[in-house]
Amino acid sequence: MGAPPQPLLMSLDLKGMVLETKDSCKPSGSLWRKVLEPKVKRRLQRRRQRILMKRRAHLPDSRRPTSGIQRRVRTLKKLVPNGDSMGLDGLFRETADYILSLQMRVEVMQIMVKVLSDSDK
């Protein structure tokens, strides 16, 4: 009756679509495009997003959050008088002096309140 038919070897993707057969080493063009085109588009979109994020990170007025230390230093510069005009070590020295002066003001005000309350009696 003839030779038994040889099994046709196929390569299947997860959805069961035929990508390539033993007879043709190349995948069929339209099917290949349907399977891989969305993946390629997603990869390109992710790359573009990463590139844009890297570019934004280098901009000074970027909305992208910076590291915690940089954010804290920026906040400290806003709190300390003339903090914007000095370097990091000067900022820390000025901060220490500012804290001491604020503590002294609090003590003076506490003494004034105590003296004034004692004089009312």
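A residue counts as buried under 20% relative accessible area, as exposed over 50%, and as partly exposed in between. At 21% relative accessibility, Met86 is therefore partly exposed. The model described here is predicted.

**Confidence and overall layout**

The chain has a mean pLDDT of 75, and 62% of its residues reach 70 or more. Over residues 21–25 the pLDDT stays under 50, and for this stretch the model has five contacts beyond four places in sequence. Where pLDDT is low, the predicted coordinates should not be read in detail.

Two strands and three helices are present in the chain. Their order along the sequence is β-β-α-α-α. Of the 121 residues in the chain, 7% are buried. The area exposed by the chain is about 11,400 Å², and carbon and sulfur atoms supply 59% of it. Among contacts with a separation of 6 or more, residues 24 or more positions apart account for 0%.

**Helix 3**

Helix 3 covers residues 88–119. With 32 residues, helix 3 reaches 47 Å from its first C-alpha to its last, which is close to the 46 Å expected at 1.5 Å a residue.

Which residues of helix 3 are buried? They are Gly90, Leu91 and Thr95. Helix 2 is included in what covers them. Thr95 has a relative accessible area of 12% and is buried because this value falls under the 20% limit. Apart from neighbours within four places in sequence, Thr95 is in contact with Leu76 and Val80.

Helix 3 also contributes to the surface. Met104, Val108 and Met112 make a nonpolar surface patch of about 290 Å². Met104 is located in helix 3, and its relative accessibility of 49% is why Met104 counts as partly exposed.

A pair of charged residues lies in the same helix: Asp89 and Arg93 are both in helix 3, four residues apart, about one turn of the helix. Side chains of opposite charge can pair when their charged atoms come close. Asp89 and Arg93 form a salt bridge in which the closest N and O atoms are 3.6 Å apart. Both of these residues are exposed. The structure holds one salt bridge.

**The loop between helix 2 and helix 3**

Helix 2 spans residues 68–79, and Met86 has its place in the loop between helix 2 and helix 3. Leaving out residues up to four places away in sequence, Met86 touches Lys77, Leu91 and Glu94. Leu91 is also one of the buried residues of helix 3.

Asn82 is in the loop between helix 2 and helix 3. What is notable in its backbone is phi, which is near 60°, a positive value in a residue other than glycine. At 61% relative accessibility, Asn82 is exposed.

Asp84 is likewise in the loop between helix 2 and helix 3. Its relative accessible area is 64%, so Asp84 is exposed. Asp84 and Arg74 are 10 residues apart along the chain, and their C-alpha atoms are separated by 8.5 Å.

**Accessibility of individual residues**

The table gathers the relative accessible areas of the residues discussed above.

| Residue | Relative accessible area | Class |
|---|---|---|
| Thr95 | 12% | buried |
| Met86 | 21% | partly exposed |
| Met104 | 49% | partly exposed |
| Asn82 | 61% | exposed |
| Asp84 | 64% | exposed |

How values were computed. Residues are numbered from 1 along each chain as its sequence is written. This is a predicted model: local features need pLDDT of at least 70, side-chain atom pairs count only at pLDDT 80 or more; totals for chains, interfaces and linings use all residues. Side-chain values use heavy atoms; hydrogens and water are left out. Patches are made of residues with over 30% relative accessible area and no salt bridge: like charges are joined within 9 Å, nonpolar side chains (Val, Leu, Ile, Met, Phe, Trp, Tyr) within 5 Å. Accessible areas come from the Shrake-Rupley method with a 1.4 Å probe; for residues, only the protein chains shown count as cover. A salt bridge is a side-chain nitrogen of Lys or Arg within 4 Å of a carboxyl oxygen of Asp or Glu. Buried means under 20% relative accessible area, exposed over 50%, partly exposed in between (1.4 Å probe, protein chains only). pLDDT is the predictor's confidence in each residue, from 0 to 100. Contact means heavy atoms within 4.5 Å. The expected span of a helix is 1.5 Å times one less than its number of residues.
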